[in-house]
Amino acid sequence: MSNNALKVHITGVYGLIGNLVYNHLNRQPARYDVYGSSRRSASSTRADADALVPLPDTHFVQADLGDADAMQQAIAGMDAVLHIGAVPDPAAAFEDVLHSNVVGTYNVLEACREAGVKRLVYASSVMATMGYFYFQEPYNAIREQRFEAVPEDIPLITPADPPRPTEPYSASKVWGEGICRTYHDAHDIATVCLRIGAVNKEDRSLFAWTDSLWCSQRDVINIIELALQATASPCFHICYGISDNRHRWVDLEPSRQALGFVPQDSA
């Protein structure tokens, strides 16, 4: 391990995306010294248990996002945090979303402030703007596979467009972006919020209506590492992270400009 390696802490490290990113960064010991936390020391139901890469005991802390003291202990001494942990289910009870996604994100940011961590990547979700997909044309036509009603040049939703969550989970991601902005402005934490698309353990789009939202494992790993690198300089960005799918309706140009992200895959 290089003495100059960036000490990175990943919340939700035993979730699907968290563990994929851990495995990728951990293969670069000259650049990254990777730690992680999770509320369980086993894979989440969304992850492939057989593909799970375990962390050494020296680099893992079992900690609930809702436990402020535990998060402070986990993040102390880090250079950067990848806040990927969350309740990821749009059907989750509000109390669970509140505990992990709202209180938990606040606890992570407070732990960063206390520890002097100045680099943060926040895993938001494309679902922060899912209301367009459900309730507005031509995006609803894509969801309903009425492709004859979809124009050749789809007007793309950008990070500058108003958020449009549809339930407590997606609304918690909008709140997370807002509190990240607060800590960037008040405490100079360089931050990238990534509105990540549909990543799954099968690494393929499972339903036709999700084709436009799918994100490959390779693309999500790439954009998270690029976002981490971007926080080496003062910044605040909100960027979409999905693959270059047919009928893609969110704008990846800000992701290219801010992070250098060019997706490699397509549903």
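## A negative patch on the surface

Let's start in a loop: Asp 50 sits between strand 2 (32-38) and strand 3 (60-62). This is a predicted model, and in it Asp 50 is exposed, with a relative accessible area of 77%. The cut-off for calling a residue exposed is over 50%.

Asp 50 also has company of like charge. Together with Asp 48, Glu 202 and Asp 203, it makes up a patch of negative charge on the surface.

## Aromatic pairs

Now to the rings. The structure holds 6 aromatic pairs. One of them joins Tyr 134 and Phe 135, whose ring centres are 6.0 Å apart; their planes meet at 40°, so this pair is classed as tilted. How accessible are these two residues? Tyr 134 counts as partly exposed, at 29% relative accessibility, while Phe 135 reaches 59% and counts as exposed.

Tyr 139 and Trp 249 give another tilted pair, with 5.8 Å from centre to centre and 50° between the planes. Here the partners come from distant parts of the chain, 110 residues apart. Tyr 139 belongs to helix 5 (residues 139-143), and Trp 249 to the loop between strand 7 (236-241) and helix 8 (253-259). Are these two rings buried or exposed? Tyr 139 is buried, with a relative accessible area of 4%, and Trp 249 is buried as well, at 0%. Because buried means under 20% relative accessible area, the values for Tyr 139 and Trp 249 both qualify.

Both residues are also members of one aromatic cluster, which brings in Tyr 132, Phe 133 and Trp 209 too.

## A salt bridge between distant parts

On to the charged side chains, where a search of the whole structure turns up 11 salt bridges. In one of these, Arg 31 meets Glu 225 at 3.8 Å, N to O. Why does this pair tie together separate parts of the chain? Arg 31 lies in the loop between helix 1 (16-26) and strand 2, whereas Glu 225 lies in helix 7 (residues 217-230), so the bridge connects parts that are 194 residues apart in sequence.

The two partners fall into separate accessibility classes: Arg 31 is partly exposed, with a relative accessible area of 42%, but Glu 225 is buried, at 10%.

## A salt bridge within one helix

For a local example, look at helix 3 (residues 94-115), home to both Arg 113 and Glu 110. Their side chains form a salt bridge of 2.8 Å, N to O. The two residues are 3 apart along the chain, about one turn of the helix.

Which of the partners is buried, and which is partly exposed? Glu 110 is the buried one, at 15% relative accessibility, and Arg 113 counts as partly exposed, at 33%.

## A salt-bridge network

The last stop is the pair Glu 144 and Arg 143, whose side chains meet in a salt bridge of 3.7 Å, N to O. Glu 144 counts as partly exposed, at 40% relative accessibility, and Arg 143 is also partly exposed, at 23%.

This contact is part of a wider arrangement: salt bridges that share partners join Glu 137, Arg 143, Glu 144 and Arg 146 into one network.

Key. Residues numbered from 1 in each chain as written. Predicted model: local features only at pLDDT ≥ 70, side-chain atom pairs only at ≥ 80, totals over all residues. Heavy atoms only, no water. Patch = residues over 30% accessible without salt bridge, like charges linked within 9 Å, V, L, I, M, F, W, Y side chains within 5 Å. Areas by Shrake-Rupley, 256 points an atom, 1.4 Å probe, with all protein chains shown as cover. Salt bridge = Lys/Arg side-chain N within 4 Å of Asp/Glu carboxyl O. Lys, Arg positive; Asp, Glu negative; His and termini not counted. Charge placed at Lys NZ, Arg CZ, Asp CG, Glu CD. Helix = DSSP H or I, 4+ residues; strand = E, 2+ residues; numbered from the N terminus. Buried < 20%, exposed > 50% of the residue type's maximum accessible area, 1.4 Å probe, protein only. Phe/Tyr/Trp six-rings, centres within 6.5 Å; stacked < 30°, edge-to-face > 60°.
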